[in-house]
Amino acid sequence: MIPKLSYELVVIFGGAIVVDLLSSSLLSLMVFVLGASIGSFLNVVAHRLPLKLSLWHPPSRCPQCLRSLKPYDNIPVLGWLKLKGRCRYCRTPISLRYPIVEGMTGLVFVWIAWSFPTPLLAIGYWALFSWLLALSLIDLDTMTLPLSLMRSGLVVGLLFQTLGGWLNHQTVVGAAAQLFSGILGAVVGIWLFDLIRIGGSIALKQDAMGSGDAKLAAMMGAWLGWKLLLLAGFLACVGGAAIGGGAMALGWLDRRQPMPFGPFLALGAMLALFFGEPLLLTYRQLFFPTL
Ligand SMILES: [Zn+2]
């Protein structure tokens, strides 16, 4: 027979677990909603920034009939589903990309919050992902990477490093050291990708990468530091070669046709962020087991 005290303990602990689960799923839901709303804004950025339009004015409207959206049509994902993907007034189809970007941003925000439980890291990497996603969408649409967006991303990345150094060490030296590691990452980004670009141009006898890619790598280096940046660059090259090569083999892509490399760099950065440490550890154990 289990003593009475044990029953009470079971009830107390069981109750605590249920409360914990509920509060953590409520928190995840709130983070998802925040991410989806930011994803909705990133859609606006990707659409308006290359056209040099204001990001804030006018409010969201249908690109076809120019009528303003109702506030409840603007609710991420749900608004699109309720309208069945068409404008409320003129029935012009609304691209599926909008709800996909919103939903994906929400999910990645939740994933980041789970993986990096300190507020500074979570907020910092939410910002990194937002910059990367906006740049990827613009690169896919226009084959260019706006310098203004990469410059602001670089500055925010260096601020994030400095603040992280300050919070970790509580000293000016600690903050300066972390800032320096961000700057070093940015310099390695520019330097390495210029090298890849020149090498690739010689090998392929055409521009392998736009000069914007080196600047994007610099921005990523500021956030990730040089080690994770190198891994991100490696993953991006592998991904780009596999998908580009596959598309050429299937005849979907002409050899001369340029392919945006920004999305591959962005994906490499996120993979390096989530899986970087275990990947680097496996690499070291495989090739330098004695170290
Ligand atoms: Zn319309």
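How many helices and how many strands are there in the protein? This predicted model has eight helices and zero strands. If you walk along the sequence, the order is simply α-α-α-α-α-α-α-α.

**Overall picture**

Let's start with the whole chain. Measuring along the principal axes, you would need a box of roughly 80 × 65 × 45 Å to hold the C-alpha atoms. The protein has 291 residues, and 32% of them are buried. Take the contacts between residues at least 6 apart in sequence: 66% of these join residues at least 24 apart.

**The largest nonpolar core**

Which residues touch the most other members of the largest nonpolar core? They are Met220, Ala232, Leu265 and Ala269, in a core of 54 residues. The helices below each supply at least two residues to this core.

| Helix | Residue range |
|---|---|
| α1 | residues 4–48 |
| α3 | residues 97–115 |
| α4 | residues 119–142 |
| α5 | residues 147–169 |
| α6 | residues 172–204 |
| α7 | residues 211–249 |
| α8 | residues 262–287 |

The biggest contribution comes from α7, which gives 15 residues. For a closer look, pick Met220 in your viewer. Leaving aside residues up to four places away in sequence, Met220 touches Gly189, Leu229, Ala232, Leu265 and Ala269.

**How α4 meets α5**

Now turn to one pair of helices. The axes of α4 and α5 come within 11 Å of each other and cross at roughly 165°. Angles over 145 degrees count as roughly antiparallel, so α4 and α5 are roughly antiparallel to each other. Their crossing is left-handed.

Which residues make this contact? On the α4 side are Leu120, Gly124, Ala127, Trp131, Ala134 and Leu135. On the α5 side, they meet Leu149, Met150, Gly153, Val156, Phe160, Leu163, Gly164 and Leu167. Sorted by character, the residues of this contact are eleven nonpolar, three polar and no charged.

**Trp166**

One more residue of α5 is worth a visit: Trp166 sits in this helix. Is Trp166 buried or partly exposed? Trp166 has 17 other C-beta atoms within 10 Å, and is therefore partly exposed; a buried residue would have 20 or more.

Setting aside residues up to four places away in sequence, Trp166 touches Gly174 and Ala175. Ala176 lies ten residues from Trp166 in sequence, and the two are 8.2 Å apart in space, C-alpha to C-alpha.

Methods:
Residues are numbered from 1 along each chain as its sequence is written. This is a predicted model: local features need pLDDT of at least 70, side-chain atom pairs count only at pLDDT 80 or more; totals for chains, interfaces and linings use all residues. Helices (H or I, at least four residues) and strands (E, at least two) are DSSP runs, numbered from the N terminus. A residue is buried if 20 or more other C-beta atoms lie within 10 Å of its own, exposed if 12 or fewer, and partly exposed in between; C-beta atoms are placed from the backbone. Two residues are in contact if their C-beta atoms, placed from the backbone, lie within 7 Å. A nonpolar core is a set of buried Ala, Val, Leu, Ile, Met, Phe, Trp, Tyr and Cys residues joined through C-beta atoms within 7 Å. Axes are lines fitted to C-alpha atoms, for helices over the stretch in contact, and angles run from 0 to 180 degrees between N-to-C directions. Angles under 35 degrees count as roughly parallel, over 145 as roughly antiparallel, 65 to 115 as roughly perpendicular and the rest as oblique. A crossing is left-handed if the near helix is turned anticlockwise from the far one by less than a right angle, and right-handed if clockwise. Ala, Val, Leu, Ile, Met, Phe, Trp, Tyr, Cys and Pro count as nonpolar, Asp, Glu, Lys and Arg as charged, and the others, Gly among them, as polar.
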